[in-house]
Amino acid sequence: MKKLLLILTVLISAANAFAQGALEFKKKEIHVKNLQADDQPHTEVFTMTNTGNQPVIITRITPMTSLLKADWKREPLAPGKKSEIRITFTPNGNMPDKFSYKIMIYSNAKNSREEIVLSGNLVDNPAKPTLLYKATLDGVKFKTSTIDFGTVYTWQVVSDTTYFINTSQEPVTITPQYKPAHLTVSFRPETVQPGKRGMMITTYDAPKKNDFGYSYESLILTINNTKNYKNRLSVTAKLNEDFSKLTKKELAEAPVATFEKKEANFGEITQGEKADCRFKLTNTGKSPLFIRKTKASCGCTAVALGDKVLQPGQSTDIQTTFNSAGKSGRQYKTVTVITNDPKNPEITLTLNGNVKIK
């Protein structure tokens, strides 16, 4: 009898374990192609079905951005029934032209944590032409205040097009007031009529720039012969050495940047004092290692190099000095070291410690 009761208990427990709701989505990603910009809310709907044998209660839906709002029925979703998740957003200049946002769904279903995606791209709305134009200059709205070239190899010459709208009541002519020597800028058409769109074509000459790592610069524009230093756009790029054409033999014989340590703690110092941290770098590869560049995360950290070219087996010290003037509390500073090590061209060194006030 006891055995029979035990078997029944086990069977009931097993049945309860298998009695569970399950959410199945018609689509886990909705891609909204060429959605016209608007200042009014837009809604996309995800459809789901409970394919399990118990009710499902959705406890929480969390979009990965505050630009999206999720709405759903709070009552339990019975087995075999369908329901909707409504995602509402305003497709204006607060969103990027191309977007992809994850939305997390939490419930008591068998698949208690699900992920859906809302993606797409925005295009200009002829009825509301300036909604996607975020940077306001004198009588002109640019689509972006930053021209980001992304990754650019040090041998490349690349171009990017930035659109703008003449929001003034008179024709507009734009010329560069200040630009770095490695940038070429042209405008089409040369004169843009009121309410019309123009384009600025910017060409980035990386060989002429002759640099490595992250680059941030300003482009200052003259509008209708009026000089205003506030009429400024940013130009960014990540300048990388191109190792893609190296053969297996060349990679095997390449230099290798090896640090004895990548983190140093300078302990506790008094505000106004300076702290030195030393990092030893050794070339453990088979060909010369070139230190292309070092860059600190802030002006409070100075970097001094020994040798900039290391033969195989050779070492050098990278000396960092942190100036605690105006600082207090726990400090974390970094130094980026760029070399011609093809497998690890950028290495981040960290120095940290505590600054106490006198």
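Helices here are DSSP runs of H or I with at least four residues, and strands are E runs of at least two, numbered from the N terminus. Keep in mind that this is a predicted model.

**Exercise 1. Overall build**

Task: Work out how many helices and strands the chain has, and whether the chain is spread out or compact.

Solution: Start with the count: the chain has 3 helices and 27 strands. Next, take the radius of gyration, which is 29 Å. The globule rule gives 21 Å for 358 residues, and the chain's value is well over that, so the chain is more spread out than a compact globule. For the dimensions, the C-alpha atoms fill a box of roughly 85 × 65 × 60 Å along the principal axes. Then look at burial: 40% of the 358 residues count as buried. The chain exposes about 20100 Å², and carbon and sulfur atoms supply 50% of that area. Finally, check the contacts with a separation of 6 or more: residues 24 or more positions apart account for 67% of them.

**Exercise 2. The largest nonpolar core**

Task: Find which residues of the largest nonpolar core touch the most other members, and which strand gives the largest share.

Solution: The core holds 30 residues, and the ones touching the most other members are L23, I61, I85, I87, I103 and L118. Now map the core onto strands: β1 (23–25), β2 (29–36), β3 (42–50), β4 (58–63), β5 (69–72), β6 (82–89), β7 (98–107) and β8 (113–123) each bring at least two residues. The largest share is 4 residues, and β7 supplies it. Apart from this core lies another one, of 25 residues, including V185, M200, A206 and L219. That fits a general trend: in soluble globular proteins, nonpolar side chains tend to be buried together.

To zoom in, pick I103 and skip its neighbours within four places in sequence: I103 then contacts F46, I61, T62, P63, L68, I87, E114, E115, I116 and L118.

**Exercise 3. Reading β5 from its side chains**

Task: Decide which side chains of β5 are buried, and which residue of β6 stands opposite A70.

Solution: Begin with the general pattern: in a regular strand the side chains alternate between the two faces of the sheet. In β5, A70 and W72 point to one face and are buried, while K69 and D71 point to the other and are not. Now add the partner strand: β5 and β6 run antiparallel and are joined by 4 bridges. Across that pairing, A70 stands opposite I87, and I87 is one of the core residues touching the most other members.

**Exercise 4. Two open sheets**

Task: Give the strand order of the 4-strand open sheet and of the 5-strand one, and name the edge strands of each.

Solution: The 4-strand sheet runs β19-β21-β25-β23, with antiparallel pairing. Its edges are β19 (257–259) and β23 (301–305), each of which pairs on one side only. From one strand to the next, the twist averages 30 degrees. Inside this sheet, β21 (residues 274–283) and β25 (residues 315–323) pair over 9 bridges, and L281 has T316 in β25 as its bridge partner.

The 5-strand sheet has the order β20-β27-β26-β22-β24, and its pairing is mixed. β20 (263–270) and β24 (309–310) each have a single partner strand, so one side of each is left without a neighbour in the sheet. For a parallel pair, take β20 and β27 (residues 346–356), joined by 6 bridges. There, I269 has V355 in β27 as its bridge partner.

**Exercise 5. Backbone oddities**

Task: Locate the cis peptide bond, and say where N210 and N224 sit and how exposed each one is.

Solution: First, the baseline: most residues other than glycine have a negative phi, and most peptide bonds are trans. The bond from R188 to P189 is cis, with omega near -10 degrees, and P189 is found in the loop between β14 (183–188) and β15 (191–192).

N210 has a positive phi of about 55 degrees. N210 belongs to the loop between α2 (206–209) and β17 (213–223). With a relative accessible area of 63%, N210 is over the 50% cut-off and counts as exposed.

N224 also has a positive phi, of about 50 degrees, and lies in the loop between β17 and β18 (226–240). At 27%, N224 is partly exposed.

Methods: Residues numbered from 1 in each chain as written. Predicted model: local features only at pLDDT ≥ 70, side-chain atom pairs only at ≥ 80, totals over all residues. Heavy atoms only, no water. Core = buried A, V, L, I, M, F, W, Y, C linked by side-chain atoms within 4.5 Å. Buried < 20%, exposed > 50% of the residue type's maximum accessible area, 1.4 Å probe, protein only. Contact = heavy atoms within 4.5 Å. Pairing = 2+ DSSP bridges. Axes fitted to C-alpha atoms, helices over the stretch in contact; angles between N-to-C directions. Rg over C-alpha atoms; globule rule 2.2 N^0.38 Å. Areas by Shrake-Rupley, 256 points an atom, 1.4 Å probe, with all protein chains shown as cover.
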